[in-house]
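User: I'd like to understand the labels used for this protein. Could you take me through the reasoning behind them?

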Amino acid sequence: MAKKTSRQAIEKGIRRAIQFLAEGDLEDALFYIAPLIDVTAKERYKNQGVGKRIKEFLRDEQDLIYYLSMQGLYSVPSGVTIMMVRNDDVTEKLGELGDFIYKNVRCARMHDAEIDYELIDLSRNFGVFREGFENDGEPLQPGQIIVSKATVLSLILSVICAPENKRIKLPGTMDLLGILKLNQQDLVGNKTLLMSNLQQIFKK
């Protein structure tokens with residue numbers, strides 16, 4: 001039986017991901033949060049394999065991921081399947097966000113590899129998948145997706161706010177992209193509070 005990840009290990013991983021994000025190192029932030037997404041998903045979907053449970057978790061949390069990544073311009077429901085296509089060719093489906101996170105972040109981390117920048121663009125402040133903003137990064141290449149600073153933050157927050165992690169301790173405050181500071185402990189297991197604050201931010 002696999003050893004269960006300790007609460008302290010989850011707390012340490014979250015703190016390291018937040019630190020790297022604050023330093024602008026999105027790759028290392030992703031490498032620290034990706035295993036914790038798996039740990040959290042394992043608690044939520046106890047009988048599913050690693051790839052499937054990670055994709056299910058991100059599908060569950062995509063309301064947060066898309067809302068924060070797109071600065072509140074639109075939201076998507078949790079649980080629906082959003083497939084990426086190559087440019088405007090809707091017949092060539094490349095997968096969901098969870099496919100890219102699992103294959104190109106989580107698996108790369110497990111095998112001491114680097115993120116493939118021909119597939120994942122980490123250079124932007126906002127945007128996700130194939131949706132970006134003017135004057136924020138270079139044009140995307142066919143088949144390339146955006147994982148912005150806001151996306152990485154949303155992935156970290158999805159782990160913090162997951163009810164499966166309600167017992168973790170995270171003292172201190174979190175800076176939401178220079179827009180708002182929130183008490184980290186208040187966010188633990190409390191996605192409703194986070195979404196309420198984000199809605200107030202993006203309505204201004």
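Analyst: Happy to; we will go through the aromatic pairs, then burial, then a pocket. Please keep in mind that this is a predicted model.

User: Why is the pair of Tyr67 and Phe202 called edge-to-face?

Analyst: The structure holds 3 aromatic pairs, and Tyr67 with Phe202 is one of them. Their ring centres lie 5.7 Å apart, and the cut-off for a pair is within 6.5 Å. The planes meet at 75°; edge-to-face requires over 60 degrees, so the label fits.

User: What makes this a link between distant parts of the chain?

Analyst: Tyr67 sits in helix 4 (residues 62-69) and Phe202 in helix 8 (residues 191-203), 135 residues apart. Both Tyr67 and Phe202 are buried.

User: Why is Phe126 called buried, and why is Phe133 called partly exposed?

Analyst: Phe126 has a relative accessible area of 13%; buried means under 20%, so Phe126 qualifies. Phe133 has 22%, which falls between the 20% and 50% limits, so Phe133 counts as partly exposed. Phe126 and Phe133 also form an edge-to-face pair, with 80° between the planes.

User: How do you know which helix gives the largest share of the lining of the second largest pocket?

Analyst: The lining includes Ile18, Leu21 and Ala22. Helix 1 spans 7-22, so these three belong to helix 1, and its share is 3 residues.

User: What makes 2 of the lining residues charged?

Analyst: Lys149 and Asp175 are in the lining, and Lys and Asp count as charged, so they make up that class. The lining also has 6 nonpolar and no polar residues.

Methods:
Residues are numbered from 1 along each chain as its sequence is written. This is a predicted model: local features need pLDDT of at least 70, side-chain atom pairs count only at pLDDT 80 or more; totals for chains, interfaces and linings use all residues. Side-chain values use heavy atoms; hydrogens and water are left out. Rings of Phe, Tyr and Trp (its six-membered ring) pair if their centres lie within 6.5 Å; planes under 30 degrees apart count as stacked, over 60 as edge-to-face and the rest as tilted. Helices (H or I, at least four residues) and strands (E, at least two) are DSSP runs, numbered from the N terminus. Buried means under 20% relative accessible area, exposed over 50%, partly exposed in between (1.4 Å probe, protein chains only). On a 1 Å grid over the protein atoms alone, a cavity is a set of points where a 1.4 Å probe fits but cannot get out, and a pocket is an open set with protein on both sides within 12 Å along at least five of seven lines; lining residues have an atom within 4 Å of a point.
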